[in-house]
Each structure stands twice: as C-alpha cells, then as structure tokens.
Amino acid sequence: MSHDIYLDANATSKVLPAAASAALEAMQACFGNPSSSHATGLRAKATLDDVRARARRVLGAPGGRVMFTSGATEGIQTAVLSALCAVRERRAAGLDAGDLLIYGATEHKAVSESLAHWNRLLDTNLTLCALPVDGAGRHRLDLLRELAPRAAMVCTMAANNETGVISDLDGIAAVLRERAPHAYWMVDCVQALGKLPLDLANSRIDYAPFSGHKLYAPKGVGMLYVKEGTPYTPLMIGGGQEAGQRSGTENMAGIAALGAVLAALEEGATFRSHAELAAMRARVAAALEEAFPGIVYNAPFELALPTTLNFAVPDMASKELLDLFDAAGVRVSAGSACSAAKAAPSYVLEAMGLPRWRTSGAVRLSFGPLATEDFIDEACARIRRCGQAARHPALAASRLSGDRRGLLQLSSEGRHGWVLFDLDANTCVAIDPPAGMAARLAAQVRDSGLRMLAVLGTGGDAAGMDARATLRAALGLDAGEQGTLGWPRDGGMVTLADGSAAPAIALGTEMLVRVADEDGSGAAYLLGRAAGGRLEAAAVRLAFTGGTVMADAEAQGLARLIDGGTVLCHGLDIGGAPCTTAEGLRKAGHTPGEARQLRPEGLDDFLRTHADALLVDVREACELEAGGIRLCGREAQALPLSRLAEHLGQLLAARRPLVFVCRSGNRSARAASCLQRLGHPQAWTLTGGVALAGAR
Ligand code: PLP
C-alpha cells in the first residue's frame, strides 16, 4: 500500500508545515523563556503576546482571559474547578448557587469525569445530571428549560467528536439567559475551532476550552477562554506565568505552532470553506454508499460538521470494518480514539437512542479542513476497493492448504458459530450461527454456490433458535427438520466408537453425526470419515461442543467417541480460545496460553536463523483482498483467524516455527497462544503487528 489515507482527524491531526517550522524556530533560534528579562527572553515573550493577540482575534475575544494550556482536558479541569469554587463561595455567602451539574449526555468523557472528580474532591455535593439528546444528537432544550433553574453549571459541547453533530448554542444560551442567569456555562469548543464561526465575547459562554492537536498544531498545547467577570481559580500555581493564571514555563514550541495555525485561520486561504468541505463529504458518502449498500449514517448531515461521517453497515461489526479499512491503508476509528481500545458500544450513539447494531457497529471517518481534492479522490478509490473486498466470500478454499473442505468460525459478542463446507460437493452446514450475521452468511453461501444442508444448534436457547430461523429464512430454506436443533429428517445412521448408533448426514466424503445429551435438549456434532457404517474415534476430525450444554468434552462423555487429536470447536472461548484439541484440553484445561512475543526489530534475525519458519497472516479474507503482508522479503501465508480451527491439527503436526502476524498484534497473539497452549513449541506473535513492523 502506497501511503496512509488518514481519515481520523477528530482524534488528532498531523502538524501544519508552517506550524512545524514555527515550533522548530521556537526550539532552536527563539528558544528563550518568556519570563526572562534579557533579550532572548523578550523575543520569546513577543512571540507569546503575538500568538495570544491572534487567538483573541480568531476566537472573537478581545476581552476576558485567553490563556495557553496543555490541551482541552486541562482547560476543562480549570473551568470546572473555577465554577465549583465559585459555587462554594456563593453558598458560603448565603446565595443560591443551584444543586445540579448539568452536562450533555454526549459530552467527551473529559467533561463528565472532571465534573465528578472535582465535585468529590471539593465536597460540593452537587448532583450530576446528564442532559438527554434527541435522536439527531441535539440537546433536549425542553428538558434543559425544566432543569435550568437548578443548574450550578452547564456543560454543552459545540460539536460532537464522534458524530460531528453541532449543538444549538443559541438555543441553549436563550434558555440559560431566561432560566439560569447565575449558572456557569462551559462550551467544549475542541471540534469547533476552524470549522465553526466563533464570537465568544458576544456570547453567553463563560468557559471555552480548545485543543491544538485537533487542528494541525502539535499535541500538548491548547487554550482556555474565560469570560470577563466570570470566576477563575488557577489549577496550577507556582512561578506565576500567564499572569498567575496558569503557572509553569510556557510550552513555547507548542504555542508558536498554534500561532501558525491561528495565522492560517486568520489569513483565510489555507483551510477549506464549509461549502467545499460539504462537497467533499458528499463525494466520500457516495463512495461509501457504493461500497456498502445498506449503510446508515448515525447523524444527519445537515446538523453535523461536514468533516465527520459516522456510519454503520448492517451485519458488519465496527472491528471488522476497521480491519478492512486498515488493510487498505485507510485510517478510521470506531467512535472516539480515547475509547478505541475498549470494544464497548458508543455511549454517544446510545444516548441518541440508536439500536445496538448501530452503536456497536459504528465507524467514524473524519477529515480536516486542509483536505485536498486529490486526497479525497484517493480516499474514495480505496473506500470502493474496501467495498469490493467486503463482498469477497470467506468460504473460498484456504490459501494455506488449498483444501476443498473448510471450516469457518463466525464470532459475535463472545459467542462462536461454525460453518462446515465442501467445495466439491457444493454443500455446507451451519452450527450455532450468531445472531446478526445471518444476512451476510446467506449472501456468502449464495455467492459461493453452496447448498445449505442444515442449520444446527447445540442448545435450545431462544436467541440461538431465532438466529437459526433468520438464517434459514435468508436462504429460503423450509423448516423440514426434527426438533428444535435443526437436524434434517432425511439423514442416515452410523455406529460410534462406543457401539451406540447415532443419526448422521453426509457432507462431501465425511459424515456429520449428532450426539444428543441425555434429555435431548442439547447436542454435540462430530465430523469424520466413516468406514463400513462406523465412525471410529481416531477418524473424528472435528467435534462441535457448543456453548453451554457440551462445553467440556470430558464432562459430557464425548471422550470415548473422539481421539486426542480431534479438534474441538467451542461455542464460547475455553482457555481464551474458540478451539482446542481433545488432548490439549485434557492437558491445559481452561488455562489460557501465553503467546511468545517477537519484536519487529528481531524479525529479520529470527527469519534468518529459522529458515523453516512460516509467516502466517491471520487477517480475514476481505482484508487480504485489500492487500497482502510482506515482511523481510517474505510473503506471509494467508490463514484467517476464522479458519484456524480447520488447520489446527496440521499446524500442530508440522511443528515448524510459526510467526503469526496481523494488523495490530491482537489476533496474531490469540492464534499464537492457542497453539502454544496446545503444546506447539515455537508459536510466535509479531508484537504490534504490521502497524509497527511496516513502519520500520
Ligand atoms: N473534548 C473533545 C470534544 C475532544 O474531542 C477531545 C479530544 O479527544 C477532548 C475534549 C480532549 O482534548 P485534549 O486531547 O486536548 O485533552
């Protein structure tokens, strides 16, 4: 992949070249301390004054305080601390100060957490109250009207970082003027700078924090505006810098860089206009709609910043979309960057009342006002390529073995389902298909020209039955089955290793056999080649043990029907993995394995000293379509993590060193720990994945 298409500007942005030059100048030529009285210091002081004057012009704040901070989080702390100290003073003077700390339900966590933190620390004992938003993400002004008379402080962001939804600040100001004249009002303006007009001095706003790194200045610099006459308490005390408002020697490199960005904003030619950005968004949206039919936007364009698109695609988890985009070199995020490491659904979208599939499947794509037409062209081309890759059926033969029989793992919210397929016989069987994956699985089955013989369950729980019924309906299958678990009527029988007879259906040259538990409410399934009507234990290649009923092969008495090498496919992780071998389960029990870490800088050496080592790319089929992995002159072999169970026996038997790689090192660590736990002596994960190795 040639270069990154960075579409995560709401998380952070690269530094404007003029800002980088200004920072360098401030570090090398004009490196003085602005508090020093000699000429070197005076030059630094002149820069500081210059940038502040510029900031006042850009923010529309000729009066009031404008100070430099380390970023918006610090500005938010300072504003909250100031307001709460003022509340204490009002109370001490016997004045009404209100009893509520009202914040928009979609505020950045820096706001709600700061309110809770300082309220606790200062013992102000105010009640935190999240102001609901409507389905479009806008504050409920009707509720604000009701609550406002009790407000001590109100915090409502100017534009949301996840959805780009622009708040109705005039509407909020009107409510506060009428109903809460004494409440302090903070507006987090982080996503507004450079994208929305600002006229702070003529507004009702008391506190407005800003962050440099969201608009082409470096991380670690920001600004805080405080309205003239609004209470102020310094967060940091010491040498008295910033007129005693914020002590600590100024971050002159950051401030100088921010000054260059403010200069570009003032001069007006560097950044795109709202209309130009809206036209770019329309082009990106057209590419997305072509790539992902059925896409739904999580915020109305007419109420959002033109630089933010938040969307969900039916039947695709956000993690899956992120992996796909990343494989194509397109950097987007699921919700906010601060919560990217957590797989939780977006609280912002939840507050908007969106359904679960949209809150947990959301992707945020954001660009900055510096975007060029060429950049948007390339972004659209790659988005279209991602769409083509997403349609690539995962049921094709695995490139590791070229085997025409296959096993695909389908996972959703910690539960695993399985699809067995045979490309020669053109048939397949689904076991415990997860809810929400039916439509896509049905499309893949159709695209691959396969006939679904049965949609089976290992347990009779309602969610599982619903998911199976949805898949059957999506494939147009009738419910010609026995019982609730979906076993087909027209099967035969085989004899198992313990001499018992069990119902069986043919899948290619193998038999799939149903083993019911005692009361018939659950079942396990065995797959292997039967000879003379018997399926011997040693011939059982795969066993599907389900999520609850037959989770532990030993306990359920499957042990006498299968062999130590039989691969067990679970409905829930056991020992941190969705699959084990019967022997591995006996030895390792439920203890997770620990992946052996190979650092990117050691890969070259490792491959030189282990000529037989195999680089294994565990990214999914659609990611492979967007671009393969080549490291240290070697092409990685494709073995998607969802096909690991199918190749477990083969990988364990070969015993050659394995180096698993993926995008970030998470999935490769899971593959390596699964093999390590099953006794493979040399299963490694490439720490940090291609994200780090590729950068070297
Ligand atoms: N507020 C909003 C809306 C943000 O998007 C962010 C950054 O993610 C912050 C506050 C925190 O800003 P900083 O990183 O400058 O502390």
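**Warm-up**

A residue is called buried when its relative accessible area is under 20%, exposed when it is over 50%, and partly exposed in between (1.4 Å probe, protein chains only). Helices (DSSP runs of H or I, at least four residues) and strands (runs of E, at least two) are numbered from the N terminus. The model is predicted: local features need pLDDT of at least 70, side-chain atom pairs count only at pLDDT 80 or more, and totals for chains, interfaces and linings use all residues. Residues are numbered from 1 along each chain as its sequence is written, and side-chain values use heavy atoms, leaving out hydrogens and water.

**Exercise 1. Describe the whole protein chain: its helices and strands, its box and its buried share.**

Step 1. Start with the elements: there are 20 helices and 33 strands in the protein chain.

Step 2. Next comes the extent. Along the principal axes, the C-alpha atoms fill a box of roughly 95 × 60 × 45 Å.

Step 3. Now look at burial and surface. Of the 696 residues in the protein chain, 55% are buried. The chain exposes about 27500 Å² (Shrake-Rupley method, 1.4 Å probe), and carbon and sulfur atoms supply 52% of that area.

Step 4. Finish with contacts, meaning heavy atoms within 4.5 Å. Among contacts between residues at least 6 apart in sequence, 67% join residues at least 24 apart.

**Exercise 2. Is helix H9 largely enclosed or not, and which of its residues are buried?**

Step 1. Find helix H9 at residues 318-327.

Step 2. Pick out the buried residues: Ser318, Leu321, Leu322, Asp323, Leu324, Phe325, Asp326 and Ala327.

Step 3. Draw the conclusion: because 8 of the 10 residues are buried, H9 is largely enclosed by the rest of the structure.

Step 4. Look just past the end of H9, where Gly329 takes a positive phi of about 75°.

**Exercise 3. Work out how strands S13 and S14 pair, and compare the accessibility of Glu413 with that of Asn426.**

Step 1. Recall that two strands pair if DSSP finds at least two bridges between them. Strand S13 (residues 405-412) and strand S14 (residues 415-422) are antiparallel and share 8 bridges.

Step 2. Check one facing pair: Arg405 is opposite Asp422 in S14.

Step 3. Move to the turn. The hairpin has 2 residues between its strands, and Glu413 lies in this loop between S13 and S14. Its phi is near 50°, a positive value in a residue other than glycine.

Step 4. Go on to Asn426, in the loop between S14 and strand S15 (427-431). Asn426 also has a positive phi, near 55°.

Step 5. Compare the surfaces: Glu413 counts as exposed because its relative accessibility is 60%, while Asn426, at 36%, counts as partly exposed.

**Exercise 4. Give the strand order of the 5-strand sheet and of the 3-strand sheet, and find the edges of each.**

Step 1. Take the 5-strand sheet, which is open and parallel, with the order S27-S33-S32-S28-S31. Strand S27 (596-598) and strand S31 (637-638) are at the edges with a single partner strand each, so one side of each has no neighbour in the sheet.

Step 2. Look inside this sheet: strand S28 (residues 614-617) runs parallel to strand S32 (residues 658-661), joined by 4 bridges. Here Val616 is opposite Phe660 in S32.

Step 3. Take the 3-strand sheet, which is open and antiparallel, with the order S9-S10-S12. Its edges are strand S9 (296-297) and strand S12 (363-366); each has a single partner strand, so one side of each is without a neighbour in the sheet.

Step 4. Zoom in again: 4 bridges join strand S10 (residues 308-312) to S12, and Leu309 is opposite Leu365 in S12.

**Exercise 5. Where is Ala159 found, and which residues does it touch?**

Step 1. Place Ala159 in the loop between strand S5 (151-155) and H6.

Step 2. Read its burial: with a relative accessible area of 1%, Ala159 is buried.

Step 3. List its contacts, not counting residues up to four places away in sequence: Gly164, Val165, Ile166, Gln191, Leu196 and Leu305.

Step 4. Compare sequence with space: Ala159 and Ala192 are 33 residues apart in sequence, and their C-alpha atoms are 6.0 Å apart.
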